[in-house]
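Biologist: Before I use a model at the bench, I would like to learn how to read its ligand sites and its sheets. Could you take me through them in turn?

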Amino acid sequence: MLAVHLVSFFFTKLQEDPTKKVDRFLHAMRLHDDQLNDISARFQAEMKKGLSAESNAAAAVKMLPTHVRSTPDGSEKGQFMALDFGGSKFKVLQVKVREGMGIRKGGVEMDEKTYRIPKELLTGRGTELFDHVTESLKDFLHERNISLEKKHPLAFTFSFPCEQTALNRGLLLSWSKNFRARGLQGKDVVQVLRDSIDRTGGMDMEVLAMVNDTVATMMTCGFDDQYCQAGLIIGTGTNACYMEELRHVDLVEGDEGRMCVNTEWGAFGDDGALDDFITEFDRDVDAASNNPGKQIFEKMISGMYLGELVRLVVLKMAKVGKLFDGRVSDALRTKGKITTAHVAAMEEYKNGLKNTRTILEELDLSPSDDDCIAVQHISTIVSFRSSNLVAAGLAAILTRIKHNRNRRALRITVGVDGTVYKTHPQYPKRLHKVVRRLLPDCHVRFALSDSGSSKGAALVTAVAQRLASRKRQVDETLSSFKLSQEQLQLVKARMRAGLEAGLKSKGPSAIKMLPSFVYHTPDGTENGKYLALDLGGTNFRAMLVNFKKSLQQNVRLYHKIYTIPLEIMQGTGEELFDHLAQCIGDFLDYMGMKNARLPAGFTFSFPCEQTAIDTGTLVSWTKGFKATNCEGHDVVSMLREAIKRRNEFELDIAAVVNDTVGTMMSCAYEDPQCEIGLIAGTGTNVCYMEEVKNIEKTELQKGKPEKFKGTPDGEQDEVEELSQGAAEMLKMCVNTEWGGLGDDGSLDDIITPYDTEVDQNSVNPGKQRFEKLTSGMYLGEIVRQVLLDLTRGGLLFRGHVTETLKTPGIFQTKYLSQIESDRLALLQVRSILQQLGLNSNCDDSIIVKEVCGAVSRRAAQLCGAGMAAVVDKIRENRGLDHLNITVGVDGALYKLHPHFSGVLQKTTKALAPRCDVTFLPSEEGSGKGAALITAVARKKKEI
Ligand code: 0WK
Ligand code: 0WK
Ligand code: BGC
Ligand code: BGC
């Protein structure tokens with residue numbers, strides 16, 4: 001019987017290859033390609049979840065935006081201090097990129113020192129940990145005689161999950177590895193570092209960028225290899241980053257170009273996604289870790305845990321008698337007794353087994369050869385699983401990049417660092433092999449980051465420095481467009497003074513305050529058919545307006561828009577009015593009303609001095625118009641003569657009104673409280689109902705009969721009848737022509753050199769200064785001037801001043817509205833700049849958008865300050881403590897620009913708090929208003 005046992009014992013002994021025993025014992029850790037592809041697919045799903053705004057919060061794999069938008073492009077240079085914190089070694093470094101003596105062209109010089117981090121600081125107060133960091137930094141400066149006075153740009157590699165909103169701002173989400181310092185979670189660790197630098201004192205650092213070690217590693221390797229688009233750490237911890245398409249990074253605005261995403265893949269599985277791959281040993285490692293339930297993927301892979309996994313497997317196998325004949329030592333029971341360095345040693349080609357025996361004996365075990373083989377094999381399986389899992393994760397990332405760039409095949413380099421990858425003899429080869437097996441149609445190169453990640457961190461900081469200095473210079477350039485509340489108060493006061501001066505003096509005043517001979521807003525009794533002609537800023541509109549008594553408030557309109565070619569705008573007056581007459585003829589034809597001899601109202605959107613409702617002498621052209629022999633002439637006569645010359649139809653032009661007046665009347669038809677008309681379009685202007693008694697420059701208020709030649713008959717009677725008091729109450733709409741504010745130099749303190757350039761290049765230099773700061777005709781040009789200046793300064797378009805950029809009028813104001821629309825900003829900017837033949841990169845577009853914003857915001861604020869002056873004047877006119885009033889508004893800038901109207905309204909409210917101003921956009925333009933005025937004018941004539 002004994003004999004039988006012995007035979008079978010030896011047989012089995014003979015039989016059992018120790019590795020087989022281990023393979024069986026650890027079959028759950030031996031992953032084959034289908035499982036790896038499955039894990040890869042799961043990780044791809046996790047990446048999508050992390051990237052999307054909806055599911056990010058719940059996602060285990062956080063996919064953190066890093067605000068690093070490009071890998072090195074060869075322009076980085078400078079000297080930087082760097083802190084490399086979070087890996088197994090804490091290093092302080094000085095990094096010199098491309099400048100300085102003896103640095104090979106394009107080279108980087110690094111000087112570093114590793115500082116120990118006392119264990120207790122890893123779990124102590126966070127501020128103390130950071131003080132140790134900054135004291136080490138100071139020590140390094142001392143030791144290396146680096147000036148303490150000079151302001152040093154500092155690159156901060158911080159290898160923990162941080163939610164970054166900028167390159168130099170990041171909230172610590174959670175600690176990992178063996179760090180657990182208190183009081184920092186949720187804090188902006190860059191600010192914590194700054195505060196610690198201030199506490200330590202005696203040095204001047206500007207923390208320009210904080211990067212994760214994966215990002216720094218990618219940048220380091222990207223310095224020499226432009227294909228490097230991913231970074232991988234397999235060290236104490238593990239993690240990977242890669243260049244993702246910005247349009248997929250929901251948490252960051254903009255969808256142009258790329259941004260590096262720190263996947264924080266260590267947390268893959270924290271939501272149970274890998275439960276079917278978790279072994280009991282993984283659960284034990286996790287349970288005994290200082291962050292149970294967290295970093296599940298990392299705990300199956302990284303250097304902090306591999307040794308422990310091996311120890312637990314060895315312990316378990318020993319306990320079940322499969323090793324060391326079941327004998328177990330205290331050392332083997334002790335956590336951390338087998339380190340990842342031990343694992344690496346056990347797997348060394350030559351000395352692996354010897355090392356294994358040494359390590360086991362150091363654990364007070366007396367292993368047999370088979371035990372050594374078995375334990376070595378355990379290490380192999382554990383580290384093999386680690387590299388396999390990394391391969392699966394990497395395969396997911398590279399597959400995503402391939403899809404993002406819809407490439408059939410992808411050539412890419414992965415920058416790698418970390419002690420496990422660098423010191424474990426077999427690890428790199430195994431990893432490379434499995435990755436290439438999982439991704440047959442990818443040409444993947446692995447670049448080892450030879451000098452740690454700080455070179456990369458310095459490169460990111462170089463980019464940050466360039467961006468920061470560019471931002472500083474751009475902000476400085478745009479600072480002259482940023483108006484303070486005080487400055488806006490001043491503009492309001494100057495506008496008010498201009499209004500008062502314009503009402504008084506007959507002589508030239510910057511703000512002309514032109515009487516419109518429109519005495520009151522509509523009363524709804526108007527009816528009949530009228531032709532409204534509307535010469536605005538950009539085109540000519542002919543409109544048929546039909547007021548039907550029967551249809552309450554119902555007005556029928558038919559209209560047609562005609563463009564005014566530049567040569568007509570700047571030709572002869574005759575040609576211009578002949579063109580208008582031709583358009584009117586075409587419209588009447590189109591309406592089949594050539595013989596109707598309709599009463600017509602003529603909206604003429606230029607400053608006209610009127611002595612009656614149906615005459616208007618053009619004071620001066622504005623908005624790019626320069627037709628000759630018009631200024632100083634009555635525009636109604638000129639139109640009548642042109643119609644006569646055409647001899648095709650007849651019109652009874654009963655009124656000429658400014659577009660502000662037409663707009664006020666149109667809106668007053670809807671809202672009787674509307675007593676102000678505002679145009680913010682090609683030009684800018686405002687009219688409002690002023691007390692006749694305040695319009696000192698005309699005879700109106702003096703009530704002496706013989707003088708009333710100007711006023712149409714009707715009014716004269718009215719005036720006479722009215723008692724003094726009533727006369728007092730008489731109002732007339734005044735066309736302020738506020739566009740002229742500043743023509744007397746009263747705005748010189750806010751006019752910038754760019755504005756002066758625009759004014760000089762305009763057809764009416766020195767005129768309409770306020771208009772040239774606020775209206776659609778000029779905003780685009782102001783932007784172009786600023787872009788030119790920034791490009792000449794090398795801050796934009798890489799300093800290339802193209803012909804396009806030098807072309808006046810190329811940057812139309814409508815582009816501002818498109819560029820500043822919140823929805824599609826960057827994409828929009830690029831395509832607009834593209835259309836303009838301006839090749840721009842992401843950063844360029846951001847600057848262009850900022851310039852547009854600064855210029856349009858100032859324009860809206862200035863109009864708001866002007867409006868505040870007008871409504872406060874009306875309030876004081878009426879001796880009211882509080883005024884409720886409506887402003888009828890029209891103009892493409894107000895109607896189409898995404899922010900203009902809002903900023904204007906807010907500024908008016910802020911500067912005229914005792915006025916409640918409603919802004920009512922006019923539906924059908926000023927045509928209806930002109931028709932209403934014509935109706936009133938005609939009615940009076942009939943009386
Ligand atoms: C070296 C890099 C450092 C990174 C470390 C990771 O310079 O930024 O954190 O590799 O590897 P570990 O030191 O954790 O093994
Ligand atoms: C529409 C009005 C017209 C006015 C124009 C101003 O009907 O009288 O001149 O708005 O806006 P713009 O065309 O200059 O943007
Ligand atoms: C951290 C990562 C880091 C990785 C490698 C992980 O524990 O969460 O931020 O990149 O370790 O150091
Ligand atoms: C003209 C005004 C007009 C305004 C808006 C200005 O250039 O001088 O009369 O109301 O543009 O169109």
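Modeller: What follows is a walk through three ligand sites and two sheets.

Modeller: This is a predicted model, in which local features need pLDDT of at least 70 and side-chain atom pairs count only at pLDDT 80 or more, while totals for chains, interfaces and linings use all residues. Residues are numbered from 1 along each chain as its sequence is written, chains are lettered from A and ligands numbered from 1 in the order in which they are written, and side-chain values use heavy atoms, with hydrogens and water left out.

Biologist: Which residues come nearest to ligand 3?

Modeller: A residue is near a molecule or strand if one of its heavy atoms lies within 4 Å of it. Around ligand 3 there are 15 residues, of which S176, N212, D213, E264 and E298 come nearest. By class the shell has three nonpolar, eight polar and four charged residues, where Ala, Val, Leu, Ile, Met, Phe, Trp, Tyr, Cys and Pro count as nonpolar, Asp, Glu, Lys and Arg as charged, and the others, Gly among them, as polar.

Biologist: What polar contacts does ligand 3 have, and what share of its accessible area does the protein cover?

Modeller: A polar contact is a pair of N or O atoms within 3.5 Å; within protein, one must be able to donate a hydrogen and the other to accept it, and residues adjacent in sequence count only if both atoms are side-chain atoms. Here a backbone N or O atom of S159 is 3.4 Å from an oxygen atom of ligand 3, a backbone N or O atom of F160 is 3.3 Å from an oxygen atom of the ligand, and a side-chain N or O atom of N239 lies 3.0 Å from a ligand oxygen atom. On its own ligand 3 has 310 Å² of accessible area, and the protein covers 99% of that, with areas from the Shrake-Rupley method with a 1.4 Å probe and, for residues, only the protein chains shown counting as cover.

Biologist: How should I read ligand 2 and ligand 4 by the same approach?

Modeller: Around ligand 2 there are 15 residues, and D534, D659, T682, A892 and S926 come nearest. Oxygen atoms of ligand 2 lie 2.8 Å from a polar side-chain atom of D659 and 2.6 Å from a side-chain N or O atom of T682. Taken alone, ligand 2 exposes 370 Å², and the protein buries 94% of that. Its shell, by class, has two nonpolar, nine polar and four charged residues.

Modeller: Ligand 4 is surrounded by 15 residues, the closest being T622, K623, D659, E737 and E771. A side-chain N or O atom of K623 is 2.7 Å from an oxygen atom of ligand 4, and a polar side-chain atom of E771 lies 2.6 Å from a ligand oxygen atom. Of the 310 Å² that ligand 4 exposes when taken alone, the protein buries 99%.

Biologist: Why is one side of β17 and of β21 left without a neighbour in the sheet?

Modeller: Strands of a sheet pair through backbone hydrogen bonds, either parallel or antiparallel. Helices (H or I, at least four residues) and strands (E, at least two) are DSSP runs numbered from the N terminus, and two strands pair if DSSP finds at least two bridges between them. In this case five strands form an open sheet of mixed pairing, in the order β17-β16-β15-β18-β21. β17 (555-563) and β21 (652-657) stand at the edges with a single partner strand each, so one side of each has no neighbour in the sheet. Strand β18 (residues 599-604) pairs with β21 in the parallel sense over five bridges, and the bridge partner of G601 in β21 is A655.

Biologist: Which helix lies across β15, β18 and β21?

Modeller: Helix α22 (residues 635-646) lies across those strands, running at about 145 degrees to β21; contact means heavy atoms within 4.5 Å, and angles run from 0 to 180 degrees between N-to-C directions, with axes as lines fitted to C-alpha atoms, for helices over the stretch in contact.

Biologist: In what order do the strands of the six-stranded sheet come?

Modeller: That open sheet, with mixed pairing, has the order β14-β24-β23-β22-β25-β26. Its edge strands, β14 (514-515) and β26 (915-921), each pair on one side only. Strand β25 (residues 883-890) and β26 run parallel and are joined by seven bridges, and N884 stands opposite D916 in β26.
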